[in-house]
Amino acid sequence: MDELLKQDLDSLKHMLGMNYSKKNWGYRNYYACTIDSIDEVVMQKLVRMGYVRKSRQSELYYYHATEQGCIIAGLSKRQTKKALGLVK
């Protein structure tokens, strides 16, 4: 079973813009990485854990936090809805 490590949580928080001002948390919800990169290994782990979902566009994979991922990262309910595109 996978364990959520600090670097995994840091990647999830970066995906959600949580490395910027708290008022902007959730303003984005994506993480782009190249195929077969170390970032992809972390993102695949987060997919298995149910915290992100994966999509592909050209040479990149895009990962997006799920509702569960937003919550585990520490977003509020409003920020989670914003990250998921449910409110502006």
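A salt bridge is counted here where a side-chain nitrogen of Lys or Arg lies within 4 Å of a carboxyl oxygen of Asp or Glu. The legends below describe close-up views of a predicted model.

**View A. A salt bridge within helix α1 joins Asp-10 and Lys-6**. The closest N and O atoms of Asp-10 and Lys-6 are 2.8 Å apart, and because the cut-off is 4 Å, the pair qualifies as one of the three salt bridges to which the count comes by this rule. Both residues belong to helix α1, where they are separated by four residues, about one turn of the helix. Asp-10 is partly exposed, with a relative accessible area of 37%, whereas Lys-6 is exposed, at 62%.

**View B. Lys-45 and Asp-8 form a salt bridge between two helices**. The closest N and O atoms of this pair are 2.6 Å apart. Lys-45 is in helix α2 and Asp-8 in helix α1, 37 residues apart, and the pair thereby links distant parts of the chain. Both partners are buried, since buried means under 20% relative accessible area: Lys-45 has a value of 12%, and Asp-8 has a value of 2%.

**View C. Asp-2 and Arg-48 meet in a salt bridge through their side chains**. The N to O distance is 2.8 Å. Asp-2 is found in the segment before α1 and Arg-48 in helix α2, so the contact ties together parts of the chain that are 46 residues apart in sequence. Asp-2 counts as partly exposed, with a relative accessibility of 32%, while Arg-48 is exposed, with a relative accessible area of 56%.

**View D. Three strands form an open antiparallel sheet in the order β1-β3-β2**. The edge strands, each of which pairs on one side only, are β1 and β2, the latter spanning residues 52-57. Averaged over the sheet and with direction ignored, neighbouring strands are turned by 30 degrees against each other. Strand β3, made up of residues 60-65, pairs with β2 in the antiparallel sense over six bridges, and in this part of the sheet Arg-53 stands opposite His-64 of β3.

**View E. Helices α1 and α2 each lie across the three strands**. Helix α1, residues 6-15, lies across β1, β2 and β3 and runs at about 90 degrees to β3. Helix α2 likewise lies across β1, β2 and β3, running at about 130 degrees to β2.

**View F. Asp-8, Ser-11, Leu-12 and Met-15 are the buried residues of α1**. These residues lie on the same side of α1, because they cover an arc of only 100 degrees around the axis. Their cover includes β1, α2, β2 and β3, together with α3, which spans residues 67-73. Just after α1, Gly-17 takes a positive phi of about 70 degrees.

**View G. Asp-36 has a positive phi in the loop between β1 and α2**. The loop that holds Asp-36 runs between β1, residues 31-34, and α2, residues 38-48. The phi of Asp-36 is near 65 degrees, a positive value in a residue other than glycine. Asp-36 is exposed, with a relative accessible area of 71%.

Note on methods:
Residues are numbered from 1 along each chain as its sequence is written. This is a predicted model: local features need pLDDT of at least 70, side-chain atom pairs count only at pLDDT 80 or more; totals for chains, interfaces and linings use all residues. Side-chain values use heavy atoms; hydrogens and water are left out. Buried means under 20% relative accessible area, exposed over 50%, partly exposed in between (1.4 Å probe, protein chains only). Two strands pair if DSSP finds at least two bridges between them. Axes are lines fitted to C-alpha atoms, for helices over the stretch in contact, and angles run from 0 to 180 degrees between N-to-C directions. Contact means heavy atoms within 4.5 Å. The arc is that of the directions from the helix axis to the C-beta atoms.
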